[in-house]
Structure formats: structure tokens, C-alpha cells
2 protein chains.
Amino acid sequence: MDQGPVTAALLVIGDEILSGRTKDKNIGHIAEYLTDIGIDLREVRVVPDVEAEIVAAVNALRSRHTYLFTTGGIGPTHDDITADCVAKAFGVPIDVDPRAVAMMRERYRPEDLNEARLRMARVPQGADLVENPISKAPGFRIENVIVMAGVPAIMQAMLDAVAPTLRSGARMIVDTIDAGGLPEGLYAAGLGEVAKGHAGVSIGSYPSFDANGFRNQIVVRGRDAGTVTAAAAAVRDLLARLQADRAPA
Amino acid sequence: MDQGPVTAALLVIGDEILSGRTKDKNIGHIAEYLTDIGIDLREVRVVPDVEAEIVAAVNALRSRHTYLFTTGGIGPTHDDITADCVAKAFGVPIDVDPRAVAMMRERYRPEDLNEARLRMARVPQGADLVENPISKAPGFRIENVIVMAGVPAIMQAMLDAVAPTLRSGARMIVDTIDAGGLPEGLYAAGLGEVAKGHAGVSIGSYPSFDANGFRNQIVVRGRDAGTVTAAAAAVRDLLARLQADRAPA
């Protein structure tokens, strides 16, 4: 039974990303990871450590997608308000979770589990925990919302832990074609025709620029191997024709 | 006359960011750049190359902030739909702009300005152009929305070109304090008290993690120098007290 594509949104929480102090490394990792397991990341938002903004974004995104992932704001300090905001978004109570405390005891002596650290064990009612092999304080999942740390190494470990529990779709098949020095402006019209003629794939053209000038790649993406192969062949034919036209007589 | 803080949102447009194929480098650059000139970046969204999504995001964000910056989707290929979406969001016509064509003639011979390349000269009615010293095809500004390229080198040049025309606010004053090996869980309670006692500043605690374990930094931010200095002094006092408590007798 085809249940349609599995989609996701990502909510990055933290003033430090918006001020530029911290350069986010999680968006790229999560995007690539989800694509690899057949989940379409459809939207990303970055919001500050402000309750109203976080609650509004959680509710907007969780209703639109199969999954919502969040990163950041689950540490022990006063600016870590993600767990409370998620509880508020769901309208459920939040309290110290004995399962989370048990996990944290693997790292902290009982006398070191002070009130601030116990903040990291506060979990909305009804949530499942997501293990944190690095620093023990867990993430959690409530319904379709997965709450993870912002520190990249910990976020990555949490994503590894939660991934096997996720529903995933057919993996996207991707064919990347180097335009071999042809400028976008020369193949744009033909590429548009190819795109129109091949339903079921998306075709993108991606320039990059460095000291040697522009370099373009064309990416054909779709879920059906035959369709992707046919569209990619049409792109290669187009490029070969244009290269031949450019070659000196 | 204090006109209040100058705020901004950033809309990153492109399937390639959401698939993980391209790792965004623009969010971090723009965040740091705007902070430096006294503009508060308050929200970032990443959306796919889908008209309805782009139009909805443009309209949501331009109404909430002093400025909205967009990156991506202004090249010559069929997947470059940003200019059309912005015109649609404003409800204005879009057509080839002779000023943009004149700029592009600096790079292209008349016979090379084909239909696809002229797509890059299409600009919503009423927009001002933003110069592109690298590849000539301009960005544009319509009301409070600034539309820039996605290629980082070009986006950066466009941001440099547009920045002098922007209203900017008082620059944020930032004091970064190294927690010197103290774990967050030890200073969290005290830091929360300092934050409560110092209105007008935001205080964040930012752990990073590498092979040597965690390293924490505390950042105090505000627009009034005296207030930031007082709050930062309170943070340093707190850390010094905690370090003394930890030192062997």
C-alpha cells in the first residue's frame, strides 16, 4: 500500500544561530540523512529562544508534515526552553521523568544531579525518550515531534537512535550530470523543455562559482528508476548537442 | 528619535538545500553581517522551489519584519522562479527591465542575450536593482524585500551593495565569557539568577563538544553598554565563586 511521501520539517531553535555567533551544521546533516532514508525534508525554520515563536512554529510544522525534528534548547540553563515549549504546544504537562533521570545517573553521581541538571530530565507527558550516548541527557519524541540537542555530535547520535523507528518512503533516486563548462544560459531553454516532457522527476540546475569561474551541475531526482533514467538521458543528449554546436568546425 | 529595533527575516529558496545536496553557507554569513550593522535577524526559513510555498513565506515574513532577504532561484533555468513568486506576492506585473538588460550587456554580447538569459533581467514592477559585480545579472529590492542570488560569492557582493541603503539600529554589544571548564550544570542556577536580575540583556550559554569534551561559553548581549558591562561582571563573579568552590582546599 502506498501511503504517499513521508515528509519532514526541521525547526532550529536558538538566538546564537540568528546572531551568527554559531554557524549551524545541523541543517545540512539532517537534510542529507533524511533524503538518504527516503524522508523528504520540505521546510526548515530557525527561530529565537522565545516561547511564543517556538510554540507557534512547532504547531505550524507538526500539523503539516509526517515528522517535525527540532534541534537546540534542551540543556540545563535558563535559555533552554524547548521542552517546555513543546509541552505547551501539545497542551500537556511536563515534569522530571524517572526514565530520563535513570539515564543521567550513568553519568552523574546522585549529589551532582542538581536542580539545573534535572531540568534536562524534564519531558512532556506521553513522550518517548531518545538516547544520548554522549552526554546522557536524552532527547524525546512526542507524537510526530522529535526533539534533539543542538550540539552536532549529540544531535547526530540522537538522529541515529531515532531513525530506525521512523516510517520512511521510497528512496529518492538522484542522477547528477556535470554540464562540462556549458553556461546555464545556453542550456536553460532546452532543459526547461526536458523538464516539461518528463513528469515525475524534478530537474535542477546548480551553478557554483570559484576562481575558475562558474561550474554547473544538473540534478535529476525522482522515485521511479525508469523515469529518472529517461529524463537524465534526455539531459545528456541535450548537453551533447549543445557541446557539438559549440565545437569549432 | 528611537524607531525601535530594526528586524529582518531570511528566506532561503531551493530544493538543493532541503535535499542536502548543497550545504547552505548564506545563513551564517547573513546572520553575522546583519548583526554587525545593527539589524536583528529574527527568523530564517528554507523552502523548496514551489510557487505556493515561496509566495506564502514572502508574504508572511515581509509583513512581520523591517526587511526580508531572500537567497536563491534567480538564475536562467526553469527552476528559478523567485522573481515571479515575489511579483505574485506583491500582486504586481513582472517583465524584462531595460536597466537590468543594460547591466547584463556588460557581460554578454547582444547575440548571447537569449531568452533564458533575459529571464534574469525580469524584475517586478517598482523594484530597484541590486548590482552584481560578479556575473552582472542583478538582484532587486521591492519595498522591504531584497532578492539576492544563492551562489555565496554573488550573494555576498549583493549584500555589500544593498547594505548602505538599509536603515540600521544600535549595534548589539556582545561580551563572550569562557566558562573555563565549568560544566553548565554547575553554573545554570546562578546564571538564571543573573539573567533575572539584569533586564535589557540576553544571556546565553553555549556548549560545544569535541575530543576534549565539553567547552562552554556564556554570551551577554544588549544594546546598552552599561547594562551589558554590569551583567557580564555578574557572570564573571559567579564563575569565579564557583571555580573557588571547586578548587582543592
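In the predicted model, A:Val46 sits opposite B:Val44, a residue of strand β2 of chain B. This pairing belongs to the junction between β2(A) and β2(B), where the strands run antiparallel and are joined by three bridges. Strand β2 of chain B covers residues 39–47, and β2 of chain A likewise contributes residues to the side of chain A that touches chain B.

The junction also links the two chains into an open sheet of 12 strands with mixed pairing. Reading across the sheet, the order is β6(A)-β7(A)-β8(A)-β3(A)-β1(A)-β2(A)-β2(B)-β1(B)-β3(B)-β8(B)-β7(B)-β6(B). At its edges stand β6 (128–130) of chain A and β6 (128–130) of chain B, each of which pairs on one side only. From one strand to the next, the twist averages 20°. Helix α2(A) packs on this sheet and touches β1 (6–13), β2 and β3 (67–71) of chain A, with its direction at about 165° to that of β2(A). Another helix, α7(A), lies across β3, β6, β7 (139–142) and β8 (145–148) of chain A and runs at about 145° to β8(A).

Beyond the strand pairing, the contact as a whole draws 51 residues from chain A and 51 residues from chain B. On the chain A side, the elements that give two or more residues are α1 (15–18), α2 (26–36), β2 (39–47), α6 (115–119), α7 (152–162), α8 (184–197) and β10 (201–210). By residue class, this side of chain A divides into 23 nonpolar, 15 polar and 13 charged residues.

How are the two chains related to each other? Chain A is superposed on chain B by a rotation of 180° with 0.0 Å of shift along the axis, at an RMSD of 0.0 Å. The two copies are therefore related as by a two-fold rotation axis. Within chain A, the C-alpha nearest that axis belongs to A:Arg45, at 2.2 Å from it. Both copies use the same surface, with 100% of the contact residues of chain A recurring in chain B.

Turning to the single chain, chain A holds nine helices and 11 strands. Its domain assignment gives domain 1 (6–165) and domain 2 (173–246), and the centres of these two domains of chain A, taken over C-alpha atoms, are separated by 38 Å. The radius of gyration of chain A is 23 Å, whereas a compact globule of 249 residues would have one near 18 Å. Along the principal axes, the C-alpha atoms of chain A fill a box of roughly 85 × 50 × 35 Å.

A further open sheet in chain A consists of three strands in the order β9-β11-β10, with antiparallel pairing. Strands β9 (173–178) and β10 of chain A each have a single partner strand and stand at the edges, so one side of each lacks a neighbour in the sheet. The twist in this sheet averages 20° from one strand to the next. Six bridges connect β9(A) with β11 (residues 213–222) of chain A, and A:Asp178 has A:Gln217 in β11(A) as its bridge partner. On the other pairing, 10 bridges join β10(A) to β11(A), and these strands form a hairpin with two residues between them. Here A:Asp210 has A:Gly213 in β11(A) as its bridge partner. Helix α8(A) lies across β10 and β11 of chain A, running at about 170° to β10(A); both α8 and β10 of chain A are also among the elements that contribute to the side touching chain B.

Terms used:
Residues numbered from 1 in each chain as written. Chains lettered and ligands numbered in written order. Predicted model: local features only at pLDDT ≥ 70, side-chain atom pairs only at ≥ 80, totals over all residues. Contact = placed C-beta atoms within 7 Å. Helix = DSSP H or I, 4+ residues; strand = E, 2+ residues; numbered from the N terminus. Nonpolar A, V, L, I, M, F, W, Y, C, P; charged D, E, K, R; others polar. Pairing = 2+ DSSP bridges. Domains from an automatic or database assignment. Least-squares fit on C-alpha atoms with pLDDT ≥ 70 in both. Axes fitted to C-alpha atoms, helices over the stretch in contact; angles between N-to-C directions. Rg over C-alpha atoms; globule rule 2.2 N^0.38 Å.
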